[in-house]
Amino acid sequence: PTADDFEFSVEIDPTMVDRAKIDALAAEGMTRASIGIQDFDPEVQQAIGRLQPFDITRACVEDLRAAGITSLNTDLVYGLPHQNLARLEDTIDKVLTFAPDRIALFGYAHVPWVSKRQKLIDESALPNDLARYTLATRAAERFVQAGLAPIGIDHFAASGDDLAVAHDAGRLRRNFQGYTADSCQTLIGLGASSISRFPGGYVQNAPATAAYKQRIAQAIFPGSRGYEMTADDQLHARAIETLMCYFALDLDDLSRDYGPRAYTLRPCLEGIETRFKPFARLVGQRISIAPEGRSLTRIIASTLDQHVPEGVRYSQAS
């Protein structure tokens, strides 16, 4: 038997499933399907090595709906090579015909020094900073016009969706996998290199598949390294999460869970207001990010992170 609030979400590649597989997943209790799309334009798909025709994706969505799957998430990406506003608008038109319950809109992170396969991408074909901003803001406008509510920095959800309900109730959470309505503090990672989150910290499984399989075969705990969070770590983590979910952080509210220690963040908030004016404003014990500055939320929140390594390189801001 399953719990009343049981959810079984599956990430699906439309080019690798058929109706029989979808029916099998539905029979096992799948409640939500997530489809990665990125962009439907053929030239963009060719540039990123992800060929996924619209007709195949549409057929997959129709099979999912026919199988009784009532919650559908789609992932889109802006900032891709050869992507422009007209091409993204066309992709959005197509995606909205699916009537998705959730849309995740991610900014493409070009980090060839980390992801070696990205060296194959022609950097001259990537949109510049202004173009990326235009693509992101226009996509957000389209989704809101279609009746989807903005959730955090990169999600949109239909009325009645769990994320929208949690957001409106002040229960929205964000973990290292993204936004969630699940308040459980434990997340178990399965497979090589996957990461588990516990109330007290993180554990990463052995990164090599062979080592992971060997530990499982020998009934040995597969974790190879971990980090135990201090009380200060937990405070900063919650502050970052709150900013990422609601574009605001109130130390008085935070003190209800963390006591007087919450106010040790006051200098951080003052620093944020100084550095990010006029996009961030501190009034009393509450700092808020203005709507026109919300594209900077990830950068603003990172100033609360005590573990950013020196000299680390990132992709373009999103």
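1. A quick definition to start: a residue is called buried when its relative accessible area is under 20%. Please keep in mind that this is a predicted model.

2. With that cut-off, Asp-161 counts as buried, because its relative accessible area is 8%. You will find Asp-161 in the loop between β6 (155-157) and α6 (162-168).

3. What does the side chain of Asp-161 reach at 2.9 Å? The partner is the backbone nitrogen of Leu-163. Leaving aside residues up to four places away in sequence, Asp-161 also touches Ser-71, Asp-101 and Arg-102.

4. On to the pockets, which may be of interest for your own work. The second largest pocket has a volume of about 480 Å³. Its lining is made up of 19 residues, and Gln-38, Ile-48, Tyr-108, Arg-117 and Gln-118 are the closest to the pocket's centre.

5. Which elements each supply at least two residues of that lining? They are the strands β1 (9-12), β2 (32-38) and β3 (71-78), together with the helix α2 (42-48). Sorted by class, the lining of the second largest pocket holds 10 nonpolar residues, 5 charged ones and 4 polar ones.

6. Finally, have a look at β9 (residues 195-198) and β10 (residues 201-205): these strands run antiparallel and are joined by 4 bridges. Together β9 and β10 form a hairpin, with 2 residues between them. If you would like one pair to locate in the viewer, Ile-195 has Gln-204 in β10 as its bridge partner.

Methods
Residues numbered from 1 in each chain as written. Predicted model: local features only at pLDDT ≥ 70, side-chain atom pairs only at ≥ 80, totals over all residues. Heavy atoms only, no water. 1 Å grid on protein atoms, 1.4 Å probe; cavity = no way out; pocket = protein on both sides within 12 Å on 5 of 7 lines; lining within 4 Å. Points joined across faces, edges and corners; volume = space filled by probe spheres on them. Nonpolar A, V, L, I, M, F, W, Y, C, P; charged D, E, K, R; others polar. Pairing = 2+ DSSP bridges. Buried < 20%, exposed > 50% of the residue type's maximum accessible area, 1.4 Å probe, protein only. Polar contact = N/O pair within 3.5 Å; in protein donor to acceptor, adjacent residues only side chain to side chain. Contact = heavy atoms within 4.5 Å.
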